[in-house]
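Colleague: I have a model open here and would enjoy talking it through with you. Could we start with one residue and work outward?

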Amino acid sequence: MAGSTIVALFNEYAAAHRALCELIQIGIPPNCISIIAGDRSNSQGNRDFGILEKDAERYRRAVRRGRTILAVEADEAVRTQVLEIIDHHTPTEIEEVAAAE
């Protein structure tokens with residue numbers, strides 16, 4: 001899936017998980033979604049989406065403070081829908097990073 005990576009921070013794991021479930025329901029492959037929250041990360045939780053390395057310390061601090069990170073690789077065709085789903089679950093922050101070419 002080419003396009004961009006959308007990263008959102010949530011205060012609550014449950015909100016991030018609900019967003020993840022909705023993303024899967026619209027057809028985003030599970031291997032294109034990562035959720036990181038202390039000890040409740042999915043199997044791709046340590047996967048490098050091209051932005052986690054660059055901002056690793058900032059994200060580590062957020063997780064230590066109890067926040068949950070949701071990262072989604074989304075192509076242009078579903079980008080708007082992904083952003084709307086994430087926004088519906090009230091993240092504290094959303095960031096979009098263009099995919100490396």
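Colleague: Gladly starting small: is Tyr-59 buried or exposed?

Modeller: A quick note on the basis: this is a predicted model, where local features need pLDDT of at least 70, side-chain atom pairs count only at pLDDT 80 or more, and totals for chains, interfaces and linings use all residues. Residues are numbered from 1 along each chain as its sequence is written, and side-chain values use heavy atoms, with hydrogens and water left out. Buried means under 20% relative accessible area, exposed over 50%, and partly exposed in between (1.4 Å probe, protein chains only). Tyr-59 has 4% relative accessibility, so it counts as buried.

Colleague: Thanks! Which side chain makes a polar contact with the side chain of Tyr-59?

Modeller: A polar contact is a pair of N or O atoms within 3.5 Å; within protein, one must be able to donate a hydrogen and the other to accept it, and residues adjacent in sequence count only if both atoms are side-chain atoms. Tyr-59 lies in helix 2; helices (H or I, at least four residues) and strands (E, at least two) are DSSP runs, numbered from the N terminus. At 2.9 Å, the partner of the Tyr-59 side chain is that of Glu-95.

Colleague: Which residues of helix 2 are buried, and what arc do they cover?

Modeller: The buried residues in helix 2 are Ala-56, Tyr-59, Ala-62 and Val-63. The arc is taken from the directions from the helix axis to the C-beta atoms. These residues sit on the same side of helix 2, because they cover an arc of only 125°.

Colleague: Now the charged side chains: how many salt bridges does the count come to?

Modeller: Side chains of opposite charge can pair when their charged atoms come close. The rule for a salt bridge is a side-chain nitrogen of Lys or Arg within 4 Å of a carboxyl oxygen of Asp or Glu. By this rule, the count is three.

Colleague: Which residues are joined into one network by salt bridges that share partners?

Modeller: Glu-93 pairs with Arg-58, with the closest N and O atoms 3.0 Å apart. That pair links strand 4 (residues 93-98) to helix 2 (residues 56-64), across 35 residues. Arg-58 also forms a salt bridge with Glu-95, at 2.6 Å between the closest N and O atoms, and this pair ties together parts that are 37 residues apart in sequence. Sharing partners in this way, the network is Arg-58, Glu-93 and Glu-95.

Colleague: Which residue meets Arg-79 in a salt bridge?

Modeller: Arg-79 belongs to helix 3 (residues 79-88), and its partner is in strand 4, 17 residues apart. Arg-79 is partly exposed, with a relative accessible area of 23%, and the partner is also partly exposed, at 33%. The N to O distance is 2.6 Å, and the residue is Glu-96.

Colleague: How are helix 1 and helix 3 oriented to each other?

Modeller: Axes are lines fitted to C-alpha atoms, for helices over the stretch in contact, with angles from 0 to 180 degrees between N-to-C directions. The axes of helix 1 (residues 13-25) and helix 3 come within 9 Å and cross at roughly 150°. Angles under 35 degrees count as roughly parallel, over 145 as roughly antiparallel, 65 to 115 as roughly perpendicular and the rest as oblique. The two helices are therefore roughly antiparallel.

Colleague: Lastly, what pattern does the protein follow along the sequence?

Modeller: The protein has three helices and four strands. Read along the sequence, the pattern is β-α-β-α-β-α-β.
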